Amino acid sequence: MTATRPAIEAVGLSKAYGRREQRQVAVADVSFSVEQGEFLGVIGPNGSGKSTLLKLIAGIYPPTAGTVSVQGTVSALTELGVGFSQELDARRNILINGTLLGLAPRDARRMTDEILAFAELEHVADRPLKNFSTGMHVRLAFAVAVHVPFDVLLVDEIFLVGDLSFQERCAESFLRFRAEGKTVVLASHVLPVIEALCDRVLLLRNGVCEALGPPSVVLPSYVGEPLSE
Ligand SMILES: Nc1ncnc2c1ncn2[C@@H]1O[C@H](COP(=O)(O)OP(=O)(O)OP(=O)(O)O)[C@@H](O)[C@H]1O
Ligand SMILES: [Mg+2]
């Protein structure tokens, strides 16, 4: 029976930041489930609650109300630089993060070269991260996130800053995750990527789930809307 349980199940999920007059409801009473092996896209204007929703799924924030349960191991790329030390070089950051994210120290060492190669950052492996560009940070973070063991991968906007070569590498990775039956939640403003990769799309607006369905239905209802509110 457990094999048929959803990978992710959110019921009445809500998150408010701050208190009283400062209170900001970021995610409001959102319910959905994601089947094992399914790819869910999360779209919506800036500030609509996408990153907050991913952090709730990752367990980075406790919900203000409602519940979210996840089956299996989660790897989350939700906020750049979290877990990275800007003073340390890329190689040391991979070792530390890989270990924190579940790799045995020996495996983390073995995997460091593989991660650097995947990120195409071998030539700057010994430079401190504070000297990295935004795109280099994203490449490193994504490479680490997909090299640790996971059943459910949460990815918050990696396509806007990555160059073409990185985007191709990401696309190849996602195809592999699909073949492996991994579950993926992908928040992005790059709608062609969402359309190409996702089985269903959740459209957030002001923290509320405005639509949830196949890309062919949800994307047309969103296109043409301004990207900020
Ligand atoms: N740490 C925080 N403290 C207070 N308010 C926050 C915090 N993080 C997000 N918010 C607020 O919560 C709301 C949702 O933000 P969130 O980052 O989830 O949106 P988003 O859909 O990911 O936006 P974007 O497209 O810009 O990435 C916004 O109003 C934002 O100002
Ligand atoms: Mg965001």
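Q: Which residues surround ligand 1?
A: The model is predicted: local features need pLDDT of at least 70, side-chain atom pairs count only at pLDDT 80 or more, and totals for chains, interfaces and linings use all residues. Residues are numbered from 1 along each chain as its sequence is written, while chains are lettered from A and ligands numbered from 1 in the order in which they are written. With a residue taken as near a molecule if its C-beta atom, placed from the backbone, lies within 6 Å of it, ligand 1 is surrounded by Tyr17, Gly18, Gln24, Ala26, Gly44, Asn46, Gly47, Ser48, Gly49, Lys50, Ser51 and Thr52.

Q: Which element gives the largest share of the shell around ligand 1?
A: Helices (H or I, at least four residues) and strands (E, at least two) are DSSP runs, numbered from the N terminus. Strand E2 (24-34) and helix H1 (50-58) are the elements that give two or more residues to the shell. The largest share, three residues, comes from H1.

Q: Is leucine 54 buried or exposed?
A: Leucine 54 is found in helix H1. A residue is buried if 20 or more other C-beta atoms, placed from the backbone, lie within 10 Å of its own, exposed if 12 or fewer, and partly exposed in between. Because leucine 54 has 23 other C-beta atoms within 10 Å, this residue is buried.

Q: Which strands stand at the edges of the sheet with the order E2-E1-E4?
A: This open sheet has three strands with antiparallel pairing, where two strands pair if DSSP finds at least two bridges between them. Two of the strands have a single partner strand, so one side of each is left without a neighbour in the sheet: E2 and E4 (65-70).

Q: At about what angle does the direction of H1 stand to that of E2?
A: H1 packs on this sheet, touching E1, E2 and E4; contact requires C-beta atoms, placed from the backbone, within 7 Å. Axes are lines fitted to C-alpha atoms, for helices over the stretch in contact, and angles run from 0 to 180 degrees between N-to-C directions. For H1 and E2 the angle is about 60 degrees.

Q: Which residue of E7 is the bridge partner of aspartate 156?
A: Six strands form an open sheet of mixed pairing, in the order E5-E6-E7-E3-E8-E9. Within this sheet, E6 (residues 152-156) and E7 (residues 183-187) pair in the parallel sense over five bridges. The partner of aspartate 156 is alanine 187.

Terms used
Two residues are in contact if their C-beta atoms, placed from the backbone, lie within 7 Å.
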